[in-house]
Every structure is written in C-alpha cells, then in structure tokens.
Amino acid sequence: MHSEGLLDDEFYRDFADPYFTPRLSKSIPNAKSIIVVAVPQPILRTTFHWESRKVQVFVPPNYPDAHKVTWRARHELKRAFRPRQYKFVRAVLPVKLLAVKSGLAKYGRNNITYIPKYGSFHRLTAFFSDYESPNDNWRDKEALPLCAKCRACINACPTSAIQKDRFLIRVERCLTYLNEKEAKHVFPKWVDASAHNSIVGCMRCQRACPYDKDVVDWHEDRGEFSEEETAYLLRGRFRGDKAAEMQKKLKRVGLDLSIFPRNLKVLLDRE
Ligand code: B12
Ligand code: SF4
Ligand code: SF4
C-alpha cells in the first residue's frame, strides 16, 4: 500500500516498525498458530476540577488497561485448553487485519473492526501459539453489510479522514493520529476547535455507527484530578518525582504525560 502511494510517508515511517514488519518471537520458534482475541471494553469518563467546575472528559475504549487485557486473554486461553498446556506468546502484528481475515471481526468504513454485540468497543490482542488448529478459516477482507449504503461515519468525521472514494482512511488527517503525537506538535490550522471530543483519540465515527448503538452509552467513571493537579497538567514542563507520580495516576485512566498540556487545553478552551 505504501509503495502504491496509499499510505502517508510520515505515518509509514512511524508505524512500519514494529507493526507492519511481522517477526516471529524468538521465544516460540515452533509456533503453529496465531490466536487473535477481542476483549470488550467501555469508554472511560474521567473528571478534571477546573475553575470551580467539574469537567468530565472521555477516554475511548482501548487506551486503558492494555497489559491487563493481554494478561486476561492469555489466562482465559490457558484455562480453555486445560489440561493440555500450550504456549501463548504476545504477537505484535496488524491485529485488525488478522481479526477480519480469520473471521473474528468485520471492517467498518471507518477502518475500525466490529464484532457481534460489542461493535467496535473492544481491544484486540494476538498470540503466537504452539497449538495447531485443525481448522483454517482464512478469508478475504470483509466489510460490515450496512457500509455499502451508510455514510454516517463519513459525515461524522470532523477532519474528513474517511472518504467516499476509497475504503482506506486518510490516516494523516485522522484526529487520533494528530492528538496521539507528543504535545510539542501543535494541531494544524485546518483542525477546527469543535473537532476535539476526547482527551486522546476521537469517538465521532464510532458514536455515529449503527453497529455501536447498543454500546454507545457504555462507560465507566474512573479517575479524578484536583484543581492543583489540573493546573500542573496545564503548565507543562514535567520533571522529577511529581511527574513520576502524575504519570502513574494518568496510566490508570489510559493516559500519558506526553499529550499534556495540549489535549487538555483544547477541551477546556471549548468548555
Ligand atoms: C497505526 C494504528 C493507528 C493509527 C492509524 C489507524 C489506521 N486506520 O491505520 C492511528 C494513530 C490514526 C490510530 C487511530 C485509532 N486507533 Co489504532 N492502531 C494502530 C495499529 C498500531 C496498527 C493499525 C494498522 O495496521 N494500520 C495500517 C492500515 C493500512 O491497516 P488497516 O487500518 O487495518 O487498513 C485496512 C483497511 O483499510 C482494509 N481495506 C482496504 N481497502 C479495503 C476494501 C474493502 C472492501 C475492505 C473490506 C477492507 C479494505 O485493508 C487495510 C489493511 O490491509 C493497531 C494495533 C495493531 N497492532 O494492529 C491499533 C488499533 C488498530 N487501533 C485501535 C483503535 C481503537 C484506534 C482508534 C479507534 C482510537 C480512538 N478511539 O481514537 C482510532 C481509529 C482511527 C481509525 N478510523 O482507524 C484498535 C482497534 C480496535 C478496533 N475495534 O478496531 C487497535 C487494533 C489497537 C488494539 N490493540 O486494539 N491507530
Ligand atoms: S457508520 Fe455506517 S459506513 Fe461507517 S462503519 Fe458504521 S455502518 Fe459502516
Ligand atoms: S477517529 Fe475521528 S478523525 Fe479518525 S476517522 Fe474516526 S471520526 Fe475521523
């Protein structure tokens, strides 16, 4: 895709290694299968106290508990195969593509994957295993049936990253691509202030999708930041013990100091 000019150069440079360069883990040279697991996850809602107000912000599914999800998936796999004992070694691979080509999920036009019941509200994780599957379900990429006629995500996308004339999104326009970068990268002028809707990432295309209608309000309240902590995050210049302590607190809600103060500032300005 990159050699055909379909993928932005900077995006390709940043993500090619490790995600698009599959390598077999050295700890399992005799791997026979790749097992992909989808773990349902809600949106997190976290609170910042600012100027005597409580400002609630969203953290999309997927950002919190990454290690916990992998740990839980491995635990469930081990349990499912008992009394036989197989290895499950985490595989760093393009997991949406694997989930779709193995029949676990389908692609939406927004390029996110969907599973029954939980829609796009899931985290994907993959493992190399020495278990040899008797079945081979490998298939072509498949889109959700409604995508043939629906345009909801195209209309909802605040940066025109999802386009009518191609299935592959314009990643370099995706708000998530821009707001996951370190805070020293300012948002381009063409990003409207009203586009920002989550403290990191973006929920617009998922919220608009009919396949997410049963889960769209599924959220968990987690984390609260005092006026003093909010002021600290808005100041920037994070160093020493205070920064380490704050990093730990942010991790619990799936966040990281690197996106502050930029991402919080745009949400508070909007308020
Ligand atoms: C790089 C990356 C990003 C980049 C680029 C996203 C992208 N679309 O490529 C950025 C930073 C922008 C990003 C954003 C987000 N990401 Co991200 N990201 C990844 C990562 C590391 C690799 C994805 C990848 O392989 N991209 C390369 C492109 C080329 O592959 P692709 O998106 O699968 O594209 C396919 C389709 O276009 C399809 N296709 C092309 N033409 C056609 C035609 C037809 C008919 C069909 C059916 C298909 C089809 O083929 C392409 C692949 O061959 C994965 C983790 C991992 N290890 O895989 C997480 C991952 C994909 N991200 C994830 C999430 C949740 C997100 C966000 C939703 C977060 C958020 N709420 O803000 C957004 C969604 C943005 C979007 N609309 O895609 C989850 C997805 C879970 C899910 N339910 O799908 C993943 C899997 C992380 C995880 N472990 O769960 N992400
Ligand atoms: S909003 Fe519509 S077009 Fe977009 S992924 Fe969902 S069903 Fe497909
Ligand atoms: S995550 Fe947001 S910016 Fe990216 S494609 Fe979806 S709606 Fe557009």
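User: In the open sheet of three strands with mixed pairing, what is the order of the strands?
Analyst: In this predicted model, strand S3 (53–59) and strand S8 (219–225) are the edge strands, each pairing on one side only. The twist from one strand to the next averages 30 degrees. The pairing is mixed, and the order is S3-S2-S8.

User: Over how many bridges do S2 and S3 pair, and in which sense?
Analyst: Thr-47 stands opposite Gln-56 in S3. Strand S2 covers residues 43–50, and its pairing with S3 is antiparallel, over seven bridges.

User: Which helix packs on this sheet, touching S2 and S8?
Analyst: The direction of the helix makes about 95 degrees with that of S2. The helix spans residues 227–235 and is H7.

User: What is the order of the strands in the open sheet with antiparallel pairing?
Analyst: Three strands form this sheet. Its edges are strand S1 (33–40) and strand S4 (88–90), each paired on one side only. The twist averages 40 degrees from one strand to the next. The order is S1-S7-S4.

User: Which residue in S7 is the bridge partner of Val-89?
Analyst: S4 pairs with strand S7 (residues 122–129) in the antiparallel sense, over three bridges. The bridge partner of Val-89 in S7 is Phe-128.

User: At about what angle to S7 does helix H2 run?
Analyst: Helix H2 covers residues 66–81 and lies across S1, S4 and S7. Relative to S7, H2 runs at about 55 degrees.

User: Which residues have the most contacts inside the largest nonpolar core?
Analyst: This core has 36 residues. S1, H2, helix H3 (95–101), S7 and H5 each supply at least two of them. Among the residues that Val-36 touches are Val-95, Ala-99 and Ala-126. The residues with the most contacts inside the core are Val-36, Val-95, Ala-99 and Ala-126.

User: How many residues are in the second, separate core?
Analyst: Leu-44, Phe-48, Val-253 and Leu-264 are included in this core. The second core has 15 residues.

User: How do the residues of the shell around ligand 2 divide into nonpolar, polar and charged?
Analyst: There are 13 residues around ligand 2, and Gly-108, Cys-147, Cys-150, Cys-153 and Cys-209 come nearest. The shell divides into 10 nonpolar, two polar and one charged.

User: Which elements give two or more residues to the shell around ligand 3?
Analyst: Ligand 3 is surrounded by 14 residues, the closest being Cys-157, Cys-174, Cys-202, Arg-204 and Cys-205. By type, this shell holds 10 nonpolar, three polar and one charged. The elements that give two or more residues are helix H5 (175–179) and helix H6 (204–208).

Terms used:
Residues are numbered from 1 along each chain as its sequence is written. Chains are lettered from A and ligands numbered from 1 in the order in which they are written. This is a predicted model: local features need pLDDT of at least 70, side-chain atom pairs count only at pLDDT 80 or more; totals for chains, interfaces and linings use all residues. A residue is near a molecule or strand if its C-beta atom, placed from the backbone, lies within 6 Å of it. Ala, Val, Leu, Ile, Met, Phe, Trp, Tyr, Cys and Pro count as nonpolar, Asp, Glu, Lys and Arg as charged, and the others, Gly among them, as polar. Helices (H or I, at least four residues) and strands (E, at least two) are DSSP runs, numbered from the N terminus. Two strands pair if DSSP finds at least two bridges between them. Axes are lines fitted to C-alpha atoms, for helices over the stretch in contact, and angles run from 0 to 180 degrees between N-to-C directions. Two residues are in contact if their C-beta atoms, placed from the backbone, lie within 7 Å. A nonpolar core is a set of buried Ala, Val, Leu, Ile, Met, Phe, Trp, Tyr and Cys residues joined through C-beta atoms within 7 Å. A residue is buried if 20 or more other C-beta atoms lie within 10 Å of its own, exposed if 12 or fewer, and partly exposed in between; C-beta atoms are placed from the backbone. Lists of a residue's contacts leave out its neighbours within four places in sequence.
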